Structures are given as structure tokens and as C-alpha cells.
Amino acid sequence: LKSLLRASQGPARAGMAVVVPRNFRLLDELEKGQKGDAMSGVSWGLEIADDITLTSWNGTIFGPPGTAFENRIYSLSIRCGPNYPERPPEVKFNTQINLGCVEGRGLLKPSFPLIGSWRREHTLENILEAIRREMAVPANRKLPQPAEGASY
């Protein structure tokens, strides 16, 4: 995959900037997700293994220790639209959560810093890790949570 990426990266903009096509970028993220060991407390992969559009993803966040989220596993749906990575993906919690950056039906708010200031260099892993860090900030670490296992 890496050699295919390098071979396909002809200049796509004026100057020396190289823009990796959407599917190559997502294949790279998939490969990283499949090799991941979840030591960072997050994991991700395709919702359907043979989804050739690379659109629908699952994410998992393991609640950080010493917080109200500890010992809980949060399931998320991630949709990478046709303009990803130029535009951020849509991120929705499947597991109910009480967190300021999440709307009432589980959608990650557009004002979430990583989404609101999206750059094409950001990845699915970056989003999941940023949400996990948000769980651990002092204002959120003791928030009362919905019943364990509750879903949207």
C-alpha cells in the first residue's frame, strides 16, 4: 500500500504540494487501525469489511481511568463523506454519553475543536484520541453518566 501511495502521488496542486486521494488516505487509516493495539484507548475500522466506498466506520473509545467513563467502552459510528479528508467526518456516539461536546442524540458537535478547526492532516485516530482526552479534563471527568450499556 505504501508503494502504491508513493507511486500515485503526482503533484495535484501548484508547486510541490501533494494531495493524497481520498481512498488512498482512507486505506492508510484502515491499515493503521487494523495494526493498532488499542494501547492509546481507541480503535477504529470499517463497519462492513468489504465496503469499497470506505464510507462507514466504527470507532471505539475505552473510558479513561480515574474518570466517570472508566471501565466503559464507547461505540461510535463515523461517516467519511466524499469530501473527506478535506471535510471532517460525521461522528456519532452509539453508546449514550454525557459529555459537553456531544449533542442530545449522540452527534459530536461541529464546535468540537478538532472538527471546528479541521485540517486534512487530521485522522480518525486523532478524533477518537481527542474525544478520549476530553473525557479526562477536570470539567468532564466526574460528569454523571447514563446507565451502562444505554444506546441512542
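User: How many aromatic pairs does the count come to in this model?

Analyst: The count comes to three aromatic pairs. Keep in mind that the model is predicted.

User: What makes tyrosine 74 and phenylalanine 93 an edge-to-face aromatic pair?

Analyst: Happy to walk through it. Their ring centres are 6.2 Å apart, and the cut-off for a pair is within 6.5 Å. The planes meet at 80°, where over 60 degrees counts as edge-to-face. Both conditions are met, so the two rings form an edge-to-face pair.

User: What does that pair tie together?

Analyst: Tyrosine 74 belongs to strand E3 and phenylalanine 93 to strand E4, so the pair joins parts that are 19 residues apart in sequence. Phe69 joins Tyr74 and Phe93 in one aromatic cluster.

User: Why are tyrosine 74 and phenylalanine 93 called buried?

Analyst: Buried means under 20% relative accessible area. Tyrosine 74 has 0% relative accessibility, so tyrosine 74 counts as buried. Phenylalanine 93 has 0% as well, so the verdict for phenylalanine 93 is also buried.

User: And why is the pair of tyrosine 84 and tryptophan 118 called tilted?

Analyst: The planes of these two rings stand at 45°, with the centres 6.0 Å apart. Stacked needs under 30 degrees and edge-to-face over 60, so an angle of 45° leaves tilted. Tyrosine 84 sits in the loop between E3 and E4 and tryptophan 118 in the loop between H3 and H4, 34 residues apart, which makes this a link between distant parts of the chain. Both residues are buried.

User: How do you know that E3 pairs with strands E2 and E4?

Analyst: Good one to check. A pairing takes at least two bridges. Strand E2 (residues 56-62) is joined to E3 by seven bridges, and E3 to E4 (residues 90-93) by four, so both pass. Both pairings are antiparallel. Among the partners, phenylalanine 62 bridges to isoleucine 73 in E3, while leucine 76 stands opposite phenylalanine 93 in E4.

User: Which side chains of E3 point to the buried face?

Analyst: Tyr74, Leu76 and Ile78 point to one face and are buried. Ile73, Ser75, Ser77 and Arg79 point to the other face and are not buried. In a regular strand, side chains alternate between the two faces of the sheet.

User: Why does arginine 120 count as buried?

Analyst: Its relative accessibility is 18%, under the 20% cut-off, so arginine 120 counts as buried. Arginine 120 lies in the loop between helix H3 (113-116) and helix H4 (124-136). Leaving aside neighbours within four places in sequence, arginine 120 contacts Val19, Val20, Arg25, Pro85 and Glu86.

Definitions and conventions
Residues numbered from 1 in each chain as written. Predicted model: local features only at pLDDT ≥ 70, side-chain atom pairs only at ≥ 80, totals over all residues. Heavy atoms only, no water. Buried < 20%, exposed > 50% of the residue type's maximum accessible area, 1.4 Å probe, protein only. Helix = DSSP H or I, 4+ residues; strand = E, 2+ residues; numbered from the N terminus. Contact = heavy atoms within 4.5 Å.
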